[in-house]
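This report describes a protein chain and the ligand placed with it. Please look at the sequence and the 3D view before reading on.

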Amino acid sequence: MIVYLDGKYVDAADAKVSVFDHGLLYGDGIFEGIRLYEGNVFRLVEHLERLEYSAKAILLDLPLTRAQLIEATCETCRRNNLRDGYIRLVVTRGVGDLGLAPWLCAKPSLFIIASTIQLYPKEYYDNGLAIVTVPTRRINAAALPPTIKSLNYLNNILGKIEARQAGALEAIMLNDQGYVAECTADNVFIVHKGTIYTPSAAQGALKGITRDTIFDIARTLGLPIAEQNLTRYDVWCADECFLTGSGAEVIPVVKLDGRVIGQGKPGPVTHRLLAEFRQRVTREGVRL
Ligand code: PMP
């Protein structure tokens with residue numbers, strides 16, 4: 001496997017960062033997880049825009065321009081002869097000393113890994129996921145805006161561990177006020193009486209690229225959609241529930257905390273959105 005690392009395409013075995021890199025020492029950095037479908041980097045420009053906003057929010061100067069990032073991302077895929085897969089683009093604060101000071105880090109480090117992806121097994125798309133609400137809450141937006149896709153994922157990792165302890169593959173995380181924020185690595189939606197609802201970024205949701213795509217699809221299909229504060233009760237009593245993410249795409253949820261959602265099987269709105277999503281994945285993006 002060939003990895004892009006700071007301007008060079010190197011063998012995976014040589015793709016190494018320093019133990020003094022602040023991405024490792026402090027989680028001081030940002031990233032994107034991007035899908036490649038039949039030679040199309042899905043919504044690459046939107047991912048890079050989010051990366052640029054994350055960089056601005058943490059006062060990090062990206063070492064490459066938008067055009068250079070597009071070229072490096074596509075070239076990494078090409079060098080690995082990849083047509084379908086998952087791309088991880090990471091920018092760290094770079095090498096510094098053992099103190100926090102980011103201004104002592106000489107230059108950011110940027111690497112791009114283009115690899116394959118481990119998907120949820122097909123049966124979950126056919127039958128839906130049973131998920132739980134975990135005790136760990138999302139970090140307050142005033143402490144660390146959830147819109148920054150940073151390397152600080154420990155909060156989500158604790159949620160993921162708790163999900164596994166409860167025998168679930170994903171979990172809903174609430175914000176500090178008790179409203180539904182999102183899942184450990186996916187956004188969450190419900191359908192109630194014909195309208196699609198999802199929590200806003202202010203409630204602790206990442207502005208997911210797949211989430212945005214669902215808004216576009218809903219508008220195209222003429223389905224009402226809105227951001228709304230949601231409680232666990234709203235999800236229990238929804239007609240349908242589904243999660244979105246670059247890895248998960250659009251995956252139905254049929255149970256939360258032991259309560260059956262709707263008819264206990266993937267609903268018609270979820271089916272329509274997933275079908276339309278799969279139509280778009282090879283159309284919207286940057287071709288290699
Ligand atoms: N929320 C979190 C916490 C995530 O890490 C992700 C990405 N895996 C998402 C939501 C979904 O975002 P996207 O659709 O951009 O992949």
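## Strands, cores and ligand surroundings

Strands β8 (residues 171-174) and β9 (residues 180-183) run antiparallel and are joined by three bridges. This is a predicted model. Within the pair, Leu 174 of β8 stands opposite Val 180 in β9. The two strands form a hairpin with five residues between them, and in this hairpin Gly 178 has a positive phi near 95 degrees.

A second hairpin is made by β10 and β11, with two residues between the strands. In its turn, Lys 193 has a positive phi of about 45 degrees. Strand β10 covers residues 187-192, and five of its six residues are buried. β10 pairs with β11 (residues 195-198) in the antiparallel sense over three bridges. β10 is also joined to β13 (residues 240-245) by five bridges, again antiparallel. Val 191 shows both pairings: Val 191 stands opposite Ile 196 in β11 and opposite Glu 240 in β13.

### The open sheet

Which strands make up the open sheet of seven strands, and in what order? The order is β2-β1-β6-β5-β3-β4-β16, with antiparallel pairing. β2 (8-11) and β16 (285-287) are at the edges; each has a single partner strand, so one side of each has no neighbour in the sheet. From one strand to the next, the twist averages 25 degrees.

At the β16 edge, β4 (residues 40-42) pairs with β16 in the antiparallel sense over three bridges. One of the facing pairs is Val 41 with its bridge partner Val 286 in β16. Helix α2 (residues 44-57) lies across β3 (29-37), β4, β5 (85-92) and β16. The helix runs at about 175 degrees to β3.

Leu 5 belongs to strand β1 (residues 2-5). Is Leu 5 buried or exposed? Leu 5 has a relative accessible area of 13%, and because the limit for buried is under 20%, Leu 5 counts as buried. Leaving out residues up to four places away in sequence, Leu 5 touches Val 10, Asp 14, Ala 15, Lys 16, Val 17, Ser 109, Leu 110 and Phe 111. Val 269 is 264 residues from Leu 5 along the chain, and the C-alpha atoms of the two are separated by 42 Å.

### Loop residues

Most residues other than glycine have a negative phi. Asp 6 is not a glycine, yet has a positive phi of about 45 degrees. Asp 6 sits in the loop between β1 and β2 and is partly exposed, with a relative accessible area of 34%. Glu 38, in the loop between β3 and β4, also has a positive phi, near 45 degrees.

Asp 28 lies in the loop between α1 (22-26) and β3. The relative accessibility of Asp 28 is 13%, so Asp 28 counts as buried. Apart from neighbours within four places in sequence, Asp 28 is in contact with His 22, Gly 23, Ile 58, Thr 92, Arg 93 and Pro 102.

### Nonpolar cores

In soluble globular proteins, nonpolar side chains tend to be buried together. Here the largest nonpolar core has 40 residues. Ile 172, Ile 196, Val 235, Phe 242 and Leu 273 have the most contacts inside this core. A second, separate core has 25 residues, including Leu 36, Leu 48, Leu 64 and Ala 72.

What does Ile 172 touch, not counting residues up to four places away in sequence? The residues touched by Ile 172 are Ile 131, Val 132, Thr 133, Val 134, Val 180, Glu 182, Cys 183, Val 188, Val 235 and Leu 256.

### Around the ligand

Glu 182, one of the residues that Ile 172 touches, also comes up at the ligand. There are 16 residues around the ligand, and Tyr 153, Glu 182, Ile 209, Thr 210 and Ser 246 come nearest. The table lists three distances between protein and ligand atoms.

| Residue | Protein atom | Ligand atom | Distance |
|---|---|---|---|
| Lys 149 | side-chain N or O | oxygen | 3.3 Å |
| Glu 182 | polar side-chain atom | nitrogen | 2.6 Å |
| Ile 209 | backbone N or O | oxygen | 2.8 Å |

How values were computed: Residues numbered from 1 in each chain as written. Predicted model: local features only at pLDDT ≥ 70, side-chain atom pairs only at ≥ 80, totals over all residues. Heavy atoms only, no water. Buried < 20%, exposed > 50% of the residue type's maximum accessible area, 1.4 Å probe, protein only. Helix = DSSP H or I, 4+ residues; strand = E, 2+ residues; numbered from the N terminus. Pairing = 2+ DSSP bridges. Axes fitted to C-alpha atoms, helices over the stretch in contact; angles between N-to-C directions. Contact = heavy atoms within 4.5 Å. Core = buried A, V, L, I, M, F, W, Y, C linked by side-chain atoms within 4.5 Å. Near = heavy atom within 4 Å. Polar contact = N/O pair within 3.5 Å; in protein donor to acceptor, adjacent residues only side chain to side chain.
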